[in-house]
4 protein chains.
Amino acid sequence: MKKINIPPSKHVKVLDGQGWVGLIDQLGTEMTILNAARVSFGKMKESMDENDIVLLDYLIKNKHTSPLEHIVFTFSVHCPLFVRGQWHRHRTWSYNEISRRYTEIDLEFYLPEKLRKQAPVNRQASVEWENCDFGEFRTMMKEHNDRSLKLYHELLAKGVCREQARAVLPQNMMVTFWATVDLNNLIHFLELRDSEHAQWEIREYALAIKKLVSPVIPNVAKILGWQD
Amino acid sequence: MKKINIPPSKHVKVLDGQGWVGLIDQLGTEMTILNAARVSFGKMKESMDENDIVLLDYLIKNKHTSPLEHIVFTFSVHCPLFVRGQWHRHRTWSYNEISRRYTEIDLEFYLPEKLRKQAPVNRQASVEWENCDFGEFRTMMKEHNDRSLKLYHELLAKGVCREQARAVLPQNMMVTFWATVDLNNLIHFLELRDSEHAQWEIREYALAIKKLVSPVIPNVAKILGWQD
Amino acid sequence: MKKINIPPSKHVKVLDGQGWVGLIDQLGTEMTILNAARVSFGKMKESMDENDIVLLDYLIKNKHTSPLEHIVFTFSVHCPLFVRGQWHRHRTWSYNEISRRYTEIDLEFYLPEKLRKQAPVNRQASVEWENCDFGEFRTMMKEHNDRSLKLYHELLAKGVCREQARAVLPQNMMVTFWATVDLNNLIHFLELRDSEHAQWEIREYALAIKKLVSPVIPNVAKILGWQD
Amino acid sequence: MKKINIPPSKHVKVLDGQGWVGLIDQLGTEMTILNAARVSFGKMKESMDENDIVLLDYLIKNKHTSPLEHIVFTFSVHCPLFVRGQWHRHRTWSYNEISRRYTEIDLEFYLPEKLRKQAPVNRQASVEWENCDFGEFRTMMKEHNDRSLKLYHELLAKGVCREQARAVLPQNMMVTFWATVDLNNLIHFLELRDSEHAQWEIREYALAIKKLVSPVIPNVAKILGWQD
């Protein structure tokens, strides 16, 4: 058996190589969107032309989003627990995740390359930290990760069950999950998560998803300005 | 452009050839279900063996339904309006339908081969009608369909808008829609609609769907007893 | 037992008195929205002041919609079948409806006071019809309704089951249903249905809902410009 | 302003007093379920009698669940992060939660009174641990919590933003959220979470919810066997 922590062939690395998003599979193409939309008009087409781009543009800009729901993507995601917490708030996705009740293997912890400063005004935001040596912070965090993992293994060794022992592991623990979503709800996710209001870490994942799906739906990507 | 009322290549006829369900496309295979489930265990496999059938059986019988959500089907459906009313109560599907605000072409009406009697006890059920000549009923209904369509065209000819004129068309009017759903929610639909509590007409569609998807997910079909 | 076709005490009539929407019950107030939002800040308040209006305005204008989901309304609706078809496309509502498999009582049909003309350019739109005597149209439609109902009763009298006989009834048949929805999804419904792109008939229902809920959530109504 | 970490007046304590669930508000009563169901029959009633219990029993046992969706509850929940992770997998609830991007106040960590042993056969289960002095485990965990919180405050003091600093906090961190759900989906949650397959900690919350809502829907509770 293959370890699940290995990304699939099509994937994009994020968080300085510590995380990734992979594209597992997809349902439908841009032609599917157009044919789903044309059901309304009682028509169908076999191949795409200039008028189709105009129709795609019209559908997306006028929020006629139902035809987009026949396009579906399955991703695999490797991200810190606090990113997963934000991701799972999106209730239109289907998820399957490594259960830490079930296995203690392959534990990893996210260690940021750079830290950010608390924003001076916006209470929930952060700002870039220029001219700072992050070595001290990284050492503190690295030692904490190691200590936490050591404690976890001590508890397991003494017989404590995995589902309770994991409680001592920090929220930068990496998790791996599969996630399936339709294009309409994916666009909504990307609007919220590739945004300056989003935490930098989840925004990295949103950008990676745009890279992965843009070649599959190039005209949609262009209409939504993802190439910018 | 192709007329939308023509079924796709893979389809099953129902209601004595007056309706059909077609399988447009699908996401994932039974191997996808197993790999999605194994994400929980931190493992993945490339091909299927006997243990996989055991796991599939376990997942389905113990209602571990989340791995089934990574399998998605897109159907096209041609059915009477009163069947669509029952279908659209299922809110986990994505739908696109011919709009009768938009087009007046290709109007058809369902004319049952056989009528059923009101059930003597169960107020919402019907029972088979043996030794009955349905010719009279069919003539009455056919004439009504023709009169309704004639009135509709008269209203249109006098300038009345389609969205109001359609109000005179009977509920046996045929509609065509695309519908996308994941396997978990499809199974739930089939439990309710391939049931003796369901109206015979929608049950025909549920049975047709079982025929269409069984070759794609043969072990799931077997576990659920669809081949019986 | 009370007939269900009678509206509840709080209701608004629409379609020249032929239809209505009633407000059955509600969960939460504007204070609930604010307290749900303040959970994020780790705070709660007992009563409302000027700052709260500012926060409400901010939440709605910046699409921080999750706090709105703790406000829920239950409506009862009496509308033509073709309006229900449009309504039930909204999959975030919970519905219960009179089943025409179960009962044949209280059948009514919508007879428009005024007809509209097909729009000259926009294929799915209609335009007002000035200086037109609608008497002829109304007579044609009224006679069609009567004939359809007569045929329905003939079929029932001969023993045909209700679930099949109803197929001859026209799409202007009135239906009655209960519908429960949270405020976030209600606002989305109203944006789409109180719009110039919507059919006039369902727009009437959207406007009636605004009238019913505005006194309950007056600041939200003001922020969204419903009083205009 | 009131601190959000204080439970509402109606609440049940769990996890040895470290967590709680509170009932904030509710929509509808058992009479609502019955009237929603009777919409199908074209009837309504004002008060409840013996036949109503029979109908309730029939609806629940035959999975006619749509009338249950007009009953809605809002809870506030104070639980460990790893319980919230399991809870938020339920996508039919509406959630609002204290954001640790926004505030660093009132941090608490769950410290179990008793530990459980890893189950010998079932890889994801735990079993009771008899005749064990948990003092040593609790000291190890308590010291880890204190060290983690100290590191968190050090990072904040040096200017690190909250959204990154929280990554060092362990998964037994307590979180507080509001959660709204309808009765149909609540029952489904309780089936999965008040189960021997569920982790003991979330099961405590499921049991607390049953205690809170049973007085509100006594007949439903009896039909589902919650009093046992």
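## Symmetry, helix packing and two buried residues

In this predicted model, the residue of chain A that comes closest to the rotation axis is Pro170(A), whose C-alpha is at 2.0 Å. The axis in question belongs to the pair formed by chains A and D: a turn of 180°, with a shift of 0.0 Å along the axis, lays chain A on chain D with an RMSD of 0.0 Å. That is the relation of a two-fold axis. The interfaces of this pair can be compared as well. Of the interface residues of chain A, 100% are also interface residues in chain D, so the copies meet through the same surface.

Chains B and C form another such pair. Chain B is superposed on chain C by a rotation of 180° with 0.0 Å of shift along its axis, and the RMSD is 0.0 Å. In chain B, the C-alpha nearest the axis is that of Pro170(B), 2.0 Å from it. Here too the same surface serves both copies, since 100% of the contact residues of chain B recur in chain C.

The two superpositions are set out below.

| Chains | Rotation | Shift along the axis | RMSD |
|---|---|---|---|
| A on D | 180° | 0.0 Å | 0.0 Å |
| B on C | 180° | 0.0 Å | 0.0 Å |

### Packing of helices H6 and H7

The report now turns to the packing of two helices, described in chain A and then in chain C. In chain A, helix H6 (residues 183-193) packs against helix H7 (residues 200-213) at an angle of about 140°, and their axes are 9 Å apart. That angle makes H6(A) oblique to H7(A). The crossing in which H6(A) passes H7(A) is left-handed. On the side of H6(A), the contact is made by Leu186(A), Phe189(A), Leu190(A) and Arg193(A). H7(A) contributes Ile202(A), Arg203(A), Ala206(A), Ile209(A), Lys210(A) and Val213(A). By class, the contact of H6(A) with H7(A) has 7 nonpolar, no polar and 3 charged residues.

In chain C, helix H6 (residues 183-193) and helix H7 (residues 200-213) pack at an angle of about 140°, with 9 Å between their axes. H6(C) and H7(C) are therefore oblique to each other. H6(C) passes H7(C) in a crossing that is left-handed. Among the residues that make the contact are Leu186(C) and Phe189(C) of H6(C), together with Ile202(C) and Ala206(C) of H7(C). The residues of the contact of H6(C) with H7(C) comprise 7 nonpolar, no polar and 3 charged.

### Two residues of chain B

Helix H7 (residues 200-213) of chain B contains Glu201(B). Is Glu201(B) buried or exposed? Its relative accessibility is 1%, and Glu201(B) therefore counts as buried, the cut-off for buried being under 20%. Beyond its neighbours within four places in sequence, Glu201(B) is in contact with Leu15(B), Phe82(B), Val83(B), Tyr110(B) and Arg116(B) of chain B, and with Gln164(C) of chain C.

Met31(B) lies in helix H1 (residues 30-39) of chain B. With a relative accessible area of 13%, Met31(B) is buried. Which residues does Met31(B) touch, not counting residues up to four places away in sequence? They are Lys45(B), Glu46(B), Ser47(B), Met48(B) and Asp52(B). Separation in sequence can also be set beside distance in space: Met31(B) and Ile71(B) are 40 residues apart in sequence, and 9.9 Å apart from C-alpha to C-alpha.

Terms used:
Residues numbered from 1 in each chain as written. Chains lettered and ligands numbered in written order. Predicted model: local features only at pLDDT ≥ 70, side-chain atom pairs only at ≥ 80, totals over all residues. Heavy atoms only, no water. Least-squares fit on C-alpha atoms with pLDDT ≥ 70 in both. Contact = heavy atoms within 4.5 Å. Helix = DSSP H or I, 4+ residues; strand = E, 2+ residues; numbered from the N terminus. Buried < 20%, exposed > 50% of the residue type's maximum accessible area, 1.4 Å probe, protein only. Axes fitted to C-alpha atoms, helices over the stretch in contact; angles between N-to-C directions. Parallel < 35°, antiparallel > 145°, perpendicular 65-115°, else oblique. Left-handed = near helix turned anticlockwise from the far one by under 90°. Nonpolar A, V, L, I, M, F, W, Y, C, P; charged D, E, K, R; others polar.
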